[in-house]
Amino acid sequence: MKELTHLRGRIITSYAQVEFLLADFSVKINVDFPYRIKDRIKAAKKIVERPEYASYREEMIKICDELLEYDEARHLMAHGMVKLTADPQGNHDIEFRLYRQTRKETFELVEVHSSVARMRAAADEITAYVGRAVDLFRRIYKEMKLE
């Protein structure tokens, strides 16, 4: 459970880093704070359409599109309940549960099963992604004198 909690934290923290950087980028350039992640992505993509940010366009679009690939995992990690079970041979089953609204007053219980190995791989993948994202923002901030 200790490792699972650590891996869950890595996934949530990694996502939050990029989530914040997208907001910060919009605040610094547009003096606007987009709240929803899709609005932050839209704002960042719009900024890199400007001629002075064109050299960052392709990389920023890729970073933005990749973040959406982690959105469901982040939601599950941040809002889901986790249950860890093991059989007598020591095989672990990780179950995440959360409710998702399907319509205005209709909900469904979502159950996702995983393993420690898959959680490790997911944490490693998003950590590598966030490293690329931070490098991009670091370059933009330094070269465009935004800090």
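**Exercise 1. Ala44 and its surroundings**

In which helix does Ala44 lie? Establish the location of Ala44 in this predicted model, then describe its burial and its contacts.

*Solution.*
Step 1. Ala44 belongs to helix 2, which comprises residues 37-47.
Step 2. The relative accessibility of Ala44 is 1%. The cut-off for a buried residue is under 20%, and Ala44 therefore counts as buried.
Step 3. With residues up to four places away in sequence left out, Ala44 touches Leu22, Phe25, Met60 and Cys64.
Step 4. For a comparison of sequence and space, take Phe137: Ala44 and Phe137 are separated by 93 residues in sequence, while their C-alpha atoms are 11 Å apart.

**Exercise 2. The packing of helix 2 and helix 3**

Determine how helix 2 and helix 3 are oriented relative to each other, and state which residues make the contact.

*Solution.*
Step 1. Two packed helices are described by the angle between their axes and the distance between the axes.
Step 2. The axes of helix 2 and helix 3 come within 10 Å, and they cross at roughly 170°.
Step 3. Angles over 145 degrees count as roughly antiparallel, so helix 2 is roughly antiparallel to helix 3.
Step 4. From helix 2, the contact is made by Ile37, Ile41, Ala44 and Lys45. Helix 3 contributes Met60, Ile61, Cys64, Asp65, Leu67 and Leu68.
Step 5. Sorted by class, this contact of helix 2 with helix 3 has eight nonpolar residues, two charged residues and no polar ones.

**Exercise 3. Glu66 in helix 3**

Is Glu66 buried or exposed, and which residues is Glu66 in contact with beyond its neighbours in sequence?

*Solution.*
Step 1. Glu66 is placed in helix 3, residues 57-69.
Step 2. Glu66 has a relative accessibility of 12% and therefore counts as buried.
Step 3. Once neighbours within four places in sequence are set aside, Glu66 is in contact with Tyr129 and Arg132. One of these, Tyr129, is among the buried residues of helix 5.

**Exercise 4. The span and cover of helix 5**

Compare the span of helix 5 with the expected value, then identify its buried residues and what covers them.

*Solution.*
Step 1. Helix 5 (residues 116-143) has 28 residues. From its first C-alpha to its last, helix 5 reaches 40 Å, close to the 40 Å expected at 1.5 Å a residue.
Step 2. The buried residues in helix 5 are Val116, Met119, Ala123, Ile126, Tyr129, Val130, Ala133, Leu136, Phe137, Ile140 and Tyr141.
Step 3. An α-helix has 3.6 residues a turn, so residues three or four places apart point the same way.
Step 4. The cover over the buried residues of helix 5 includes helix 1 (2-30), helix 3, helix 4 (71-79), strand 2 and strand 3.

**Exercise 5. Strand pairing**

In which sense does strand 2 pair with strand 1 and with strand 3? Give examples of bridge partners.

*Solution.*
Step 1. Strand 1 (residues 81-86) pairs with strand 2 in the antiparallel sense over six bridges. Met81 has Arg97 of strand 2 as its bridge partner, and Leu84 stands opposite Ile94 in strand 2.
Step 2. Strand 2 (residues 92-103) pairs with strand 3 (residues 106-114), again in the antiparallel sense, over nine bridges. Leu98 stands opposite Val110 in strand 3, and the partner of Ile94 in strand 3 is Ser114.
Step 3. Ile94 thus appears in both pairings, opposite Leu84 and bridged to Ser114.
Step 4. The hairpin of strand 1 and strand 2 has five residues between the strands, and there Gly90 takes a positive phi near 90°. The hairpin of strand 2 and strand 3 has two residues between them.

**Exercise 6. Positive phi outside glycine**

Where do Val31 and Lys145 lie, and what are their phi values?

*Solution.*
Step 1. Val31 lies in the loop between helix 1 and helix 2. Although Val31 is not a glycine, it has a positive phi of about 50°.
Step 2. Val31 counts as exposed because its relative accessibility is 73%.
Step 3. Lys145 is found in the segment after helix 5. Lys145 is not a glycine either, and its phi is positive at about 55°.
Step 4. With 69% relative accessibility, Lys145 also counts as exposed.

Terms used: Residues numbered from 1 in each chain as written. Predicted model: local features only at pLDDT ≥ 70, side-chain atom pairs only at ≥ 80, totals over all residues. Heavy atoms only, no water. Helix = DSSP H or I, 4+ residues; strand = E, 2+ residues; numbered from the N terminus. Buried < 20%, exposed > 50% of the residue type's maximum accessible area, 1.4 Å probe, protein only. Contact = heavy atoms within 4.5 Å. Pairing = 2+ DSSP bridges. Expected span 1.5 Å × (residues − 1). Axes fitted to C-alpha atoms, helices over the stretch in contact; angles between N-to-C directions. Parallel < 35°, antiparallel > 145°, perpendicular 65-115°, else oblique. Nonpolar A, V, L, I, M, F, W, Y, C, P; charged D, E, K, R; others polar.
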